[in-house]
Amino acid sequence: GFGMGESPRWHDGRLWFASWGSNEIIAVNPDGTAEVVGPGGGGAGWATSWLPDGRMLVTGRELIRVEPDGSRVRHADLGHISPHGWSELTVDGRGNAYVNSLNFDFARFEELLGSGQAPGKIALVSADGEVREVADGLAFPNGMVVTPDNRTLIVAESFARRLTAFDIEGDGSLSNRRV
């Protein structure tokens, strides 16, 4: 009954995911019972993750933070990096959020699939609120994860059929790009 489940995350003893078709954030308990915990980011290509203090982030046209009372506020303005919205995200143990943009109108997906074009970007929203681009030229960046030691970011490049890793520097910048 879910509409295109994406971006699975284990958090607080439950499996959470984005249900794009219904635009809902779903959490599933270990016994299999599911709960709609809130609205999603709208449209296709949004995800959730959590800051170290437990507040949820939701991507979409912008990066939204869900406050403890359930209200939603803009966490960061990313419009100067990409006007096309934001897809996957992951947060490291220091509170740095890494957010990727497909950097093209999602309606062009079929046209770009297999084209070799790599317009994707990764933006950093640092724990102190600084926003900057930290990687570009990614071929449809999709799932991302930070290793438990907070030293490596791994991103799936769907159009290139590869996983790409970056070293995470002390200021959150990415370096040493490699397959």
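# Getting to know a predicted model

Me: Hello! In which order do the four strands of the open sheet stand, and how do they pair?
Reply: Welcome! This is a predicted model. In it, four strands make up an open sheet, and their pairing is antiparallel. The order is S9-S10-S11-S12.

Me: Which strands stand at the edges of that sheet?
Reply: A strand at an edge of this sheet has a single partner strand, so one of its sides is left without a neighbour in the sheet. From one strand to the next, the twist averages 20 degrees. The edge strands are S9 (89-91) and S12 (131-138).

Me: Which residue is the bridge partner of Gly120 in S12?
Reply: Strand S11 covers residues 120-125 and pairs with S12 in the antiparallel sense. Six bridges make up that pairing. For Gly120, the partner in S12 is Leu138.

Me: How many strands are there in the chain?
Reply: Let's step back to the whole chain, which has 179 residues, 47% of them counted as buried. About 8,600 Å² is exposed, with carbon and sulfur atoms supplying 50% of it. Alongside one helix, the number of strands is 16.

Me: Which residues of the largest nonpolar core touch the most other members?
Reply: This core has 14 residues. At least two of them come from each of S9, strand S10 (97-101) and S11. Another core, of 13 residues, lies apart from it and includes Tyr98 and Phe166. In the largest core, the residues that touch the most other members are Leu57, Leu63, Leu78 and Val99.

Me: Which residues of S9 and S10 does Leu57 contact?
Reply: Neighbours within four places in sequence are left aside here. The contacts of Leu57 include Leu51, Leu63, Ile64 and His75. Strand S9 spans 89-91, and S10 spans 97-101. Within those ranges, the contacts of Leu57 are Leu89, Val91 and Ala97.

Me: Is the pair of Trp16 and Trp50 stacked or edge-to-face?
Reply: A search of the whole structure finds one aromatic pair. The ring centres of Trp16 and Trp50 are 5.0 Å apart. Planes over 60 degrees apart count as edge-to-face, and these two stand at 75 degrees, so the answer is edge-to-face.

Me: How many residues apart are Trp16 and Trp50?
Reply: Both residues are buried. Trp16 sits in strand S2 (residues 14-19), while Trp50 belongs to strand S5 (residues 48-50). The pair thus links distant parts of the chain, and the separation is 34 residues.

Me: Is Val73 buried, exposed or partly exposed?
Reply: You can find Val73 in strand S8 (residues 72-76). Buried means under 20% relative accessible area and exposed means over 50%. The value for Val73 is 28%, so this residue is partly exposed.

Me: What distance separates the C-alpha atoms of Val73 and Leu63?
Reply: Leaving aside neighbours within four places in sequence, Val73 is in contact with Leu63, Ile64, Arg65 and Glu67. Val73 and Leu63 are ten residues apart along the chain. Their C-alpha atoms are separated by 8.7 Å.

Me: Which residue takes a positive phi in the hairpin of S7 and S8?
Reply: Strand S7 (residues 63-66) and S8 run antiparallel and are joined by four bridges. One of the bridge pairs is Val66 with Arg72. Between the strands of the hairpin come five residues. The positive phi, near 90 degrees, belongs to Gly70.

How values were computed: Residues numbered from 1 in each chain as written. Predicted model: local features only at pLDDT ≥ 70, side-chain atom pairs only at ≥ 80, totals over all residues. Heavy atoms only, no water. Pairing = 2+ DSSP bridges. Helix = DSSP H or I, 4+ residues; strand = E, 2+ residues; numbered from the N terminus. Axes fitted to C-alpha atoms, helices over the stretch in contact; angles between N-to-C directions. Buried < 20%, exposed > 50% of the residue type's maximum accessible area, 1.4 Å probe, protein only. Areas by Shrake-Rupley, 256 points an atom, 1.4 Å probe, with all protein chains shown as cover. Core = buried A, V, L, I, M, F, W, Y, C linked by side-chain atoms within 4.5 Å. Contact = heavy atoms within 4.5 Å. Phe/Tyr/Trp six-rings, centres within 6.5 Å; stacked < 30°, edge-to-face > 60°.
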